[in-house]
2 protein chains.
Amino acid sequence: MSSSGDGVFRIGILGRGNVGGALAVLVEEHSERVQRITGMRPEVSGVLSRGSGVFEEILERSDLIVELIGGIEPARTYVLAAMRAGRHVVTANKQLLSQYGEELFAAAGEAGVQLRFEGAVAGVVPVVRVLQESLAGARIDRVHGIVNGTTNFILSEMARLGITYEDALAQAQRLGYAEADPSDDVDGRDAAAKMAILARLAFGAPVVLDQVRYDGIRQITQQDMEYARELGLGLKLIGTAERIGDGLSVRVHPAFLSPGHPLASINGPFNAVTVESPEITEITMSGPGAGGPQTATAVLGDVVSAMIPPASPPEEMVVMPIITDVMSGFYLHLEVADEPGVLASVARVLAEHAVSVKSVVQKGMSDQARLVMVTHPVLESLFFAAMDEIGELSVMRKPPRAIRVIEEEF
Amino acid sequence: MSSSGDGVFRIGILGRGNVGGALAVLVEEHSERVQRITGMRPEVSGVLSRGSGVFEEILERSDLIVELIGGIEPARTYVLAAMRAGRHVVTANKQLLSQYGEELFAAAGEAGVQLRFEGAVAGVVPVVRVLQESLAGARIDRVHGIVNGTTNFILSEMARLGITYEDALAQAQRLGYAEADPSDDVDGRDAAAKMAILARLAFGAPVVLDQVRYDGIRQITQQDMEYARELGLGLKLIGTAERIGDGLSVRVHPAFLSPGHPLASINGPFNAVTVESPEITEITMSGPGAGGPQTATAVLGDVVSAMIPPASPPEEMVVMPIITDVMSGFYLHLEVADEPGVLASVARVLAEHAVSVKSVVQKGMSDQARLVMVTHPVLESLFFAAMDEIGELSVMRKPPRAIRVIEEEF
C-alpha cells in the first residue's frame, strides 16, 4: 500500500526517543533489503517530537504511522486518528494496548488497516508473530514468560553474586537496565501489561491490565536465593496466562523454577516465553529484552509485514471468564521459636486447609529456627488462608513469607 | 484463495504417514478456529498414499497441496505440477528443498503461488517464519542450530547416564527417536540438509546440500563426555551458517559449548536455533524436534498462512561464495607414550602451524598418558595440518581426535 503510487512507502514516526532514533537509522540502512522483499522503498516521512513536527502534517504524508510516544495520551488519540485515516499503525506501547486494546483492535478492523505491536511485548523475541501465525493451528493451554528484562537482570545478579536486592537494583541502574524510578518494573506492572497482551493473543479473549494480578520482586531476600541455589532452582519473575477449564488466569509473580524448566536458565537482561500446547508440547523463545535497537528491529519487522498487503482479517474474540484462584506449589518460609511442638502446629494448620507438604527443611539458630517447606500444588486461596492462620500462631517470630514453585511438566 | 468460491478451502495431502494422519485430524479439530482466522473452512479433499488415490484427481479438487511423501521422486514431480497448476504448496521435505530448492522457488515465483516449509526444518520451532518475517529488518551474521532431535537425544543420554554411544543409540531406537538405520541422523546428513535451508533463508543465498560440510557423532566417546562434564561444557551436534566477509560457511559438526551458550542447556529430543545479528545480539528458539503431531502443527500453520492471500513477493537471491576454511577453537585429545619431551614435540608442531593453546590437561595412565588441549580459534586448515603431523609422531599411541569448541560471545 502506497498512497502515492511512486514505489515509496512513507513512514511517519511519533516520538524521538532511543527507539525512534534507532528506527530512523535502520530504515535508512536496510532500505534496499526491504525493497527487495516488499517491492517498495521505505522512507521516513517525518518525526514528531515534543518540540517539533505537527501530527496532522506527518499523518497526511505517511502510509504508515509508528507510535513510540508511550503512555496513554496523546498516543491513543494519534493512533486512533491514524487508523481512521486509513493508515497502518505499528506501536511498541504496552500501556496503551493493555488498557485500550479492544478500542484499538475494533478501530483497525473498521478501517481495514493493520495494527502491529511485536515491539510492545518481548522486544525482538517474536512471540506476537508466533502466537498469531505459527501456532494458528494449535490450541494453547499456557504461556509462561520472563517479559521484564530489568527484574530478570536483578534476580540473576542476586543469584550470581549473592548480593541484596538493593545492591542489584543499584547495579541495574548504573548499567542503564533500570530507571531512576524502577517501580513499574520491580513491582511487576510492566510484566502484567505484557501478559495481558500475550493472553489476548494466545486465547483470543479480551484481557485488560486491570484483570492481571501481579506481584513484584522487592521482597526477595538473599535467603530465598540461597535456598534456590541449594536446590538448583531458578528464581524468576514469571508471567503466566493459562486456560483453566473454560476460564483464564493471567498473573505475574516471583517463582522458583525446577532446573529442567526452559525458563530456569534464562539469565541477565533477557526475555523469554514458553508456549505450551498439547499438539506441540512446548516451544521457548528467548532474546535480549527491550533496548532501543532491539525494539526498533521488532518495529521494522512489523513495518515490513504491513507493507505486504493485505492484513489477515482479525480473529473474532471469544469471552472467557477470568479465574483468580489457581493451583500453585509454594515455598513457605517461617521464622519460628525453637521450641517443641512448633512443626506440629504448623503442620496441623496446613492439613486443615488441605495443603500437602512435599519437603521440609528446619534449621536451628540459637533461640529460634527457620522452617522452610515446599508444598504440592494447592488452590492458592487455601494456601493463603493457611498462611494467614500460621502467621497468628504465637510461636512465629516474623510474618511468614511465600513464593510460588513451578515444576517442569515434560 | 478458493478455487470454488464456496467458502471452503480444500487441502490435498500427499502421503499417509504419521504426519499426514496427524494433519487430517488437526484440520478436522481446528476447522472452526481456522475459519475465524481466515474466513474459510479448511477441508481435506483427498489423501494420496501408495495404495490409494490418484494425484491428478486430488490436485484437481484442491486449493493447496501438502506434500508429505519425503525423498526426491515422486515428490518433486508432484510439487512442481501442483505449483504450475496454480496451487499453493506446503511441504516438510528437507531433502527436496535442500537439493532442488532453486527449481522449486523459481516455479513458485513463476506461478505466483506460495511455497511454505516450516515443518522441514525444526518441527514446530518457528525458525522459518522468524527468519523470513520478524528479522526482515536485521542483518543476520550467524545461525547456530541443534536441528536433529535424534542426535541431541543420544548425546544428552550419554552425558546424563555416562553410557556409550551404542547404548544411547539403542535407547533412542527403543523410544522411537531413532530409526533402525540411523545413518542419516547420526552422520549429520539430516542436519546438513536443514542447515542448507536455513542458510538460504538467513542470507538470501542459494545453498544446496552438497555445499554443506558435515560430520556426525558416531566417534564421540565417554571420555569426551567426561571432559565436557568436568568443564561444565555441553557437547552437541551443531549446525552453523555464518557470514564470513562476503562469503558464507555452512557446516555441521559436534562441538563443545561453553555453559553460557543458549544451546548448551538444550537436552533430549529437542531442536533449537540461535540467530545472531548486530541489531538484536541474539535470539534463541527451542522446542520438541520433529514428531508426527509437531510437524503436522507446523504444516497447518503454513496452510493457514497460505490461506491468507497474497504471498509476499519472493526476495531476490544474492550470490555469496561458499567458504570452507573457517576459524574454530578445538579440543584435541591425544593418547601418547608417557616419556619426556612428548608435550614439547606436540607443542612445537602446533606452534609451527600457528595454533595457540589455551589450556592443557595431562593425565598419566601407567605407561601412557592422555593429553587434552583446548586451542584458541584458528583456521581449521592450519589446525588439521598440525593434527595430521602430530598423528605421525612416534610417541602417539592412537590417532589424535579433535572436537570443535564454541564459546558464547555475548
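**Figure 1. Domains of chain A in the predicted model**. Chain A is divided into three parts: domain 1 spans 8-120, domain 2 spans 137-286 and domain 3 spans 327-406. The centres of domain 1 of chain A and domain 2 of chain A, taken over C-alpha atoms, are 28 Å apart. Eight residues from domain 1 of chain A and eight residues from domain 2 of chain A make the contact. On the domain 1 side, two residues are nonpolar, four are polar and two are charged.

**Figure 2. Overall fold of chain A**. Chain A holds 14 helices and 16 strands. The C-alpha trace spans about 85 × 45 × 35 Å along its principal axes. The radius of gyration of chain A is 24 Å, which agrees with the value near 22 Å for a compact globule of 410 residues. Of those 410 residues, 52% count as buried. Among the contacts in chain A with a separation of 6 or more, 73% come from residues 24 or more positions apart.

**Figure 3. Contact between chain A and chain B**. Here 42 residues of chain A are in contact with 42 residues of chain B. On the chain A side, four elements supply at least two residues each: helix 2 (31-38), helix 6 (127-132), strand 11 (281-288) and helix 12 (292-307). Strand 11 of chain A gives the most, with eight residues. By class, the side of chain A that touches chain B has 20 nonpolar, 14 polar and eight charged residues.

**Figure 4. Strand pairing across the two chains**. Strand 11 of chain A pairs with strand 11 (residues 281-288) of chain B. The pairing is antiparallel and runs over three bridges. One bridge partner is shown by name: A:S286 is matched by B:T284 in strand 11 of chain B.

**Figure 5. Helix 7 of chain B and its surroundings**. Helix 7 (residues 149-161) of chain B has 13 residues. From first C-alpha to last, the helix reaches 18 Å, close to the 18 Å expected at 1.5 Å a residue. Helix 7 of chain B is mostly covered, with 11 of its 13 residues buried. Among the buried residues are B:G149, B:F153, B:I154, B:L155, B:E157 and B:M158. The buried residues of helix 7 pack against three helices of chain B, helix 8 (165-174), helix 9 (183-186) and helix 11 (222-231). They also pack against strand 6 (142-146), strand 8 (234-244) and strand 10 (270-277) of chain B. After helix 7 of chain B comes B:G162, whose phi is positive, near 70 degrees.

Technical notes. Residues numbered from 1 in each chain as written. Chains lettered and ligands numbered in written order. Predicted model: local features only at pLDDT ≥ 70, side-chain atom pairs only at ≥ 80, totals over all residues. Contact = placed C-beta atoms within 7 Å. Nonpolar A, V, L, I, M, F, W, Y, C, P; charged D, E, K, R; others polar. Pairing = 2+ DSSP bridges. Rg over C-alpha atoms; globule rule 2.2 N^0.38 Å. Buried ≥ 20, exposed ≤ 12 C-beta atoms within 10 Å, placed from the backbone. Domains from an automatic or database assignment. Expected span 1.5 Å × (residues − 1).
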